[in-house]
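Biologist: I'd like to learn to read a model like this without getting lost. Could we take it feature by feature?

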Amino acid sequence: MDLQILIPVTIIGVLGLGFGLILAYVSKRFDVPVDPRVEQVRKILPGANCGACGYSGCDAYAVAVVYGQAAPTLCTVGGDPVAREMGAIMGVTVQDKGAKKARVLCKGTPERSRRKYGYEGIESCAAASLLYGGSMECPYGCLGIGDCVKACQFGAIRVVDGVAFIDEEKCTACAMCVASCPKGIIRMVKQGVAATTRCSNRDKGAVA
Ligand code: SF4
Ligand code: SF4
């Protein structure tokens, strides 16, 4: 092989080998042992990676639980059974919180609720609500554009007849829809509670 090629190739090869050995040494020397309970906790978590626990995903939440930065009760998708299992690994007793489901507190279909104006702006409830509080005459009414539908990673919400509707069978109680609704009309309610007032109007008497 031509020396003009052989010499640089040899130098690059030697340098690569040298840096590789240094990196291998440094990673071994400064290796931080991971608590084996992180893997155990991670296996229990449902893997939804929805962020309902307040962490970027199940991996980050498992680390936070094991290192004492988070309570084992924050995974709403796993609920009480998962919290109990995590508590057993961490050696703590966990109180059941009871399962919850999201519910839209509005039934303002076109027959029940009039519109102030026709909205033709950005397809977003958040954007629509910036214009006089939205197009509904009722200032607490569902705008029906579906920001909550986009926020739900579990396909539990759809807009039916202009109002968001939640399929409780599919709802994992992650609560992402609650934060997404600019009208604040989605609430987490205890599972099995059949009767809730499906209206968010807080005005009194004739005003309402
Ligand atoms: S409806 Fe969807 S976004 Fe809302 S709590 Fe249930 S799963 Fe989460
Ligand atoms: S419940 Fe809230 S976010 Fe969902 S469609 Fe109605 S106004 Fe929009």
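Modeller: Let's begin with strands: two of them pair if DSSP finds at least two bridges between them. Helices (H or I, at least four residues) and strands (E, at least two) are DSSP runs numbered from the N terminus. What you see is a predicted model, where local features need pLDDT of at least 70 and side-chain atom pairs need 80 or more, while totals for chains, interfaces and linings use all residues. Residues count from 1 along each chain as written, chains are lettered from A and ligands numbered from 1 in written order, and side-chain values use heavy atoms, without hydrogens or water.

Biologist: Which strand does strand 2 pair with, and in what sense?

Modeller: Strand 2 (residues 157-160) pairs with strand 3 (residues 163-166), antiparallel, over four bridges. To see one of those pairings, find Ile157, whose bridge partner in strand 3 is Ile166. The hairpin they belong to has two residues between the strands, and Asp161 there takes a positive phi near 55°.

Biologist: And what does strand 1 pair with?

Modeller: Strand 1 runs antiparallel to strand 4 (residues 186-190), and five bridges join the two. Lys101, for one, is bridged to Val189 in strand 4. Burial is the other thing to check: buried means under 20% relative accessible area, exposed over 50%, partly exposed in between (1.4 Å probe, protein chains only). Four of the five residues of strand 1 are buried, so the strand is largely enclosed by the rest of the structure.

Biologist: You mentioned a positive phi. Why should I care about the sign?

Modeller: Because most residues other than glycine have a negative phi, a positive one catches the eye. Tyr132 has a positive phi of about 55° although it is not a glycine. Look for Tyr132 in the loop between helix 5 (125-129) and helix 6 (147-151). Ala173 is another non-glycine of this kind, with a positive phi of about 65°. You'll find Ala173 in the loop between strand 3 and helix 7 (176-180).

Biologist: Is Tyr132 buried or exposed? And Ala173, buried or exposed?

Modeller: Tyr132 is exposed, at 69% relative accessibility. Ala173 is buried, with a relative accessible area of 7%.

Biologist: Now the ligands. Which residues are around ligand 1?

Modeller: A residue is near a molecule if one of its heavy atoms lies within 4 Å of it. Around ligand 1 you get Ala102, Cys152, Phe154, Ala156, Ile157, Ile166, Cys171, Thr172, Ala173, Cys174, Ala175 and Cys177. So you meet Ala173 again here, along with the bridge partners Ile157 and Ile166.

Biologist: How does that shell divide by residue class?

Modeller: We count Ala, Val, Leu, Ile, Met, Phe, Trp, Tyr, Cys and Pro as nonpolar, Asp, Glu, Lys and Arg as charged, and the others, Gly among them, as polar. The shell of ligand 1 has 11 nonpolar residues, one polar and no charged. Ligand 2 has 14 residues around it, the closest being Cys125, Cys142, Leu143, Cys148 and Cys181. That second shell splits into 10 nonpolar, two polar and two charged.

Biologist: Which residues of helix 3 are buried?

Modeller: In helix 3 (residues 58-66), these are Cys58, Tyr61, Ala62, Ala64, Val65 and Val66. Their cover includes helix 2 and helix 4. After helix 3 comes Gly68, with a positive phi near 75°.

Biologist: Pick one of those. What does Val65 touch?

Modeller: Contact means heavy atoms within 4.5 Å. Not counting residues up to four places away in sequence, Val65 touches Ala70, Ala71, Pro72, Met86 and Met90. Its relative accessible area is 3%, so Val65 is buried. For a sense of scale, Val65 and Ile186 are 121 residues apart in sequence and 28 Å apart in space, C-alpha to C-alpha.

Biologist: Where is Val94, then?

Modeller: Val94 sits in the loop between helix 4 and strand 1 (100-104), and it is buried at 14% relative accessible area. Leaving aside its neighbours within four places in sequence, Val94 is in contact with Pro72, Thr73, Ala83 and Gly87. Pro72 also turns up among the contacts of Val65.

Biologist: One last residue: where is Ser129, and what does Ser129 touch?

Modeller: Ser129 lies in helix 5 and is buried, with a relative accessible area of 16%. Beyond four places in sequence, Ser129 touches Gly134, Leu143, Pro182 and Lys183. Leu143 is also one of the closest residues to ligand 2.
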